[in-house]
Amino acid sequence: MVKRTGTPQNVLTIHQILFICGLTLMIGLQKTILFFTRRPKLKGTAAFTSGIVLILLRWPLIGFLVELYGIFILFGDFFATIGNFAGNIPVVGPYIQKALFRASEASGGRKNAELPVLEDNSGPE
């Protein structure tokens with residue numbers, strides 16, 4: 001018999017915490033806040049946050065779907081970049097690349113593609 005170690009709510013909550021911490025560690029706190037609060041990204045931020053709240057209120061399936069929609073809105077414009085990288089994977093790469101390009105087109109293409117990492121041009125020269 002397999003012992004169950006955690007409920008879906010616990011796993012999804014840990015996932016959310018690690019996702020936000022990892023993003024913050026990669027691009028910095030100020031740029032993370034800037035990314036999530038930009039006007040074109042507010043709809044995705046609201047959906048992502050609502051999904052977290054729904055999961056914490058013990059609605060894991062609906063919360064996960066709402067959170068997934070928020071992630072699609074927030075990061076949908078990066079699917080083409082990921083697709084270019086994934087195209088080099090042997091055997092399955094071209095299929096993954098096609099799917100990610102279609103997802104990128106469905107999310108509106110590259111209209112909000114500026115990376116928060118590249119926005120800061122100030123610094124020592």
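The following dialogue discusses how to read the fold, core and surface of a predicted model.

Reader: How many helices and strands does the protein have?

Author: The protein has 7 helices and 0 strands. Read along the sequence, the pattern is α-α-α-α-α-α-α.

Reader: What share of the contacts joins residues that are at least 24 apart in sequence?

Author: Counting contacts between residues at least 6 apart in sequence, 61% join residues at least 24 apart.

Reader: Where should one expect to find nonpolar side chains?

Author: In soluble globular proteins, such side chains tend to be buried together. In this model, the largest nonpolar core has 9 residues, namely L23, I27, F35, F36, F48, I52, L74, F75 and F78. Two or more residues of this core come from each of helix 1 (8–27), helix 2 (29–37), helix 3 (42–56) and helix 4 (60–75). Across the protein, buried residues account for 31% of the 125 residues.

Reader: Which residues form a nonpolar patch on the surface?

Author: I89, V91, V92, Y95 and I96 form such a patch, and together they have about 490 Å² of accessible area. For the protein, the accessible surface is about 8800 Å², and 69% of that surface belongs to carbon and sulfur atoms.

Reader: Does Y95 count as buried or exposed, and why?

Author: The cut-off for exposed is over 50% relative accessible area. Y95 counts as exposed because its relative accessibility is 61%. Y95 lies in helix 6, which covers residues 93–106.

Definitions and conventions: Residues numbered from 1 in each chain as written. Predicted model: local features only at pLDDT ≥ 70, side-chain atom pairs only at ≥ 80, totals over all residues. Heavy atoms only, no water. Patch = residues over 30% accessible without salt bridge, like charges linked within 9 Å, V, L, I, M, F, W, Y side chains within 5 Å. Areas by Shrake-Rupley, 256 points an atom, 1.4 Å probe, with all protein chains shown as cover. Salt bridge = Lys/Arg side-chain N within 4 Å of Asp/Glu carboxyl O. Helix = DSSP H or I, 4+ residues; strand = E, 2+ residues; numbered from the N terminus. Buried < 20%, exposed > 50% of the residue type's maximum accessible area, 1.4 Å probe, protein only. Core = buried A, V, L, I, M, F, W, Y, C linked by side-chain atoms within 4.5 Å. Contact = heavy atoms within 4.5 Å.
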